[in-house]
Amino acid sequence: MTPLDGIHESESVAPDGSGGATSRGAFLNDALVGLRATPKRLSPKYFYDREGSLLFDAICELPEYYVTRTELSILEAKASEIASRIAARGPCRVVEPGAGSGTKTRLLLRALGPERCVAYVPVDIAGEHLEHTARQLRAELPWLRVMPFAADFSVELPLPSTGAGASTVVYFPGSTIGNFDPEDAERLLSRFAQAAGRDGLVLLGVDLKKDPAVLHSAYNDARGVTAAFNKNVLRRMNEELGADFELDAFDHYAFYAPVPGRIEMHLVSTRRQQVRIGGQVFTFEHGESICTERSYKYDLAMAERLGRAAGLMLAASWLDDARRFAVLLFRAAV
Ligand code: AVJ
């Protein structure tokens, strides 16, 4: 593991301009596997190159997309209480898988302060965006030891040593846990529990079940930013994998499925067409879709069950007044 521009690079990083830890080979392989599947499906992690991360930042500002601002409102109100709970047993290091722009994290790190936080370890697929966030954080919080890691946390969660004596808090905000099907979510939380260790903690942001109309509009904003975010994966496959997707021949389509309790995002083919990628030809029937994201919505009982299945015990929860979002603190169930 050799530092690169301040970013610790895990073995899986291939500096081939793919803007992230996932190599071009892995991206191509996942794309071919996903497009061969029935129904066709791609991982939402491929939204996040630099352009995709910026589009997601724009989504967080949309009036319809309540998720980020609701979580922020909880942190603004409860950061010092959460910090006291986290550092009750002494100083800690904060590890953040999928650390995008770190807006929420700043609130937590400031509430912890130099006495109670020995290091911050952001882990993200978008290496460039991670470097940018790390530089900003170092400038804003000069006392903070920032140790960015470019890695795909859904595959591995490598952690740098920060010296003895500090407990580990794995911080996973933003309801990104919602992107994982239940069995994968359990596996991921178990990995977090392992990384946190016996005295460790897991702090999770979870979007809660609510009026389907509210959910629907959050993923179908009037300005079409979510549609552009959704289509970003097609643009990436064209630019990075030499595919020939016509972005205008696919429509953004997102809906809430109450039975599985998730939002599904799709790209729907507007006609029968063929797409070439990686030397292969894929046929899309008129109306056939690629599922590009699932975003599960939880209630507290479901979240507690998930935690227990991953070897974690729910220690505390903070919700907004409208009970739209929850910040949950888990400790290792010894
Ligand atoms: C970052 C996964 C939490 O599912 O709400 C936003 C991503 N997708 N608009 C979510 C997203 C469409 C977001 N997560």
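In this predicted model, phenylalanine 172 touches a set of residues that lie more than four places away from it in sequence, namely Pro97, Phe153, Ile177, Phe180, Leu188, Phe192, Leu203, Leu204 and Gly205. Phenylalanine 172 belongs to strand S7, which covers residues 167-172. Its relative accessibility is 1%, and because buried means under 20%, phenylalanine 172 counts as buried. One of the residues it touches, Phe192, makes a handy landmark: phenylalanine 172 and phenylalanine 192 are 20 residues apart along the chain, and their C-alpha atoms are separated by 9.2 Å.

A little further along the chain comes serine 175, found in the loop between S7 and helix H6 (182-196). Serine 175 is buried too, with a relative accessible area of 5%. Its backbone deserves a second look. Most residues other than glycine have a negative phi. Serine 175 is not a glycine, yet its phi is positive, at about 60°.

Arginine 323 offers a companion case. Phi of arginine 323 is near 50°, again a positive value in a residue other than glycine. This arginine lies in the loop between strand S14 (312-319) and strand S15 (325-332). Whereas serine 175 is buried, arginine 323 is exposed, with a relative accessible area of 51%. That value passes the cut-off, because exposed means over 50%.

The backbone holds another point of interest. Most peptide bonds are trans. Threonine 38 and proline 39, however, are joined by a cis peptide bond, with omega about -10°. Proline 39 sits in the loop between helix H1 (24-36) and strand S3 (40-41).

Another proline can be found at position 142, in the loop that runs between helix H5 (127-140) and strand S6 (149-150). Proline 142 has a relative accessible area of 66% and is therefore exposed. Proline 142 and proline 114 are 28 residues apart in sequence, while the distance between their C-alpha atoms is 9.6 Å.

Attention now turns to histidine 266, which lies in strand S10 (residues 262-269). With a relative accessible area of 11%, histidine 266 is buried. Its side chain makes a polar contact with the side chain of glutamate 264, at 2.8 Å. Leaving aside residues up to four places away in sequence, histidine 266 touches Asn230, Asp251, His252, Tyr253, Phe255, Ser289, Ile290, Cys291 and Thr292.

Stepping back gives a view of the whole chain. The protein has nine helices and 15 strands. Its radius of gyration is 20 Å, close to the 20 Å that the globule rule gives for 334 residues, so the protein is as compact as a globular protein of that length. Taken along the principal axes, the C-alpha atoms fill a box of roughly 60 × 45 × 35 Å. Buried residues make up 55% of the 334 residues; phenylalanine 172, serine 175 and histidine 266 are among them.

Contacts can also be sorted by how far apart the partners are in sequence. Among contacts between residues at least 6 apart, 71% join residues at least 24 apart. As for the outside, the protein exposes about 14000 Å², and carbon and sulfur atoms supply 52% of this area. Finally, the protein carries 38 positive and 43 negative side chains, and the centres of these two sets lie 4 Å apart.

Technical notes: Residues are numbered from 1 along each chain as its sequence is written. This is a predicted model: local features need pLDDT of at least 70, side-chain atom pairs count only at pLDDT 80 or more; totals for chains, interfaces and linings use all residues. Side-chain values use heavy atoms; hydrogens and water are left out. Helices (H or I, at least four residues) and strands (E, at least two) are DSSP runs, numbered from the N terminus. Buried means under 20% relative accessible area, exposed over 50%, partly exposed in between (1.4 Å probe, protein chains only). A polar contact is a pair of N or O atoms within 3.5 Å; within protein, one must be able to donate a hydrogen and the other to accept it, and residues adjacent in sequence count only if both atoms are side-chain atoms. Contact means heavy atoms within 4.5 Å. The radius of gyration is taken over C-alpha atoms; the globule rule is 2.2 Å times the number of residues to the power 0.38. Accessible areas come from the Shrake-Rupley method with a 1.4 Å probe; for residues, only the protein chains shown count as cover. Lys and Arg count as positive and Asp and Glu as negative; His and the chain ends are not counted. The place of a charge is taken as NZ of Lys, CZ of Arg, CG of Asp or CD of Glu.
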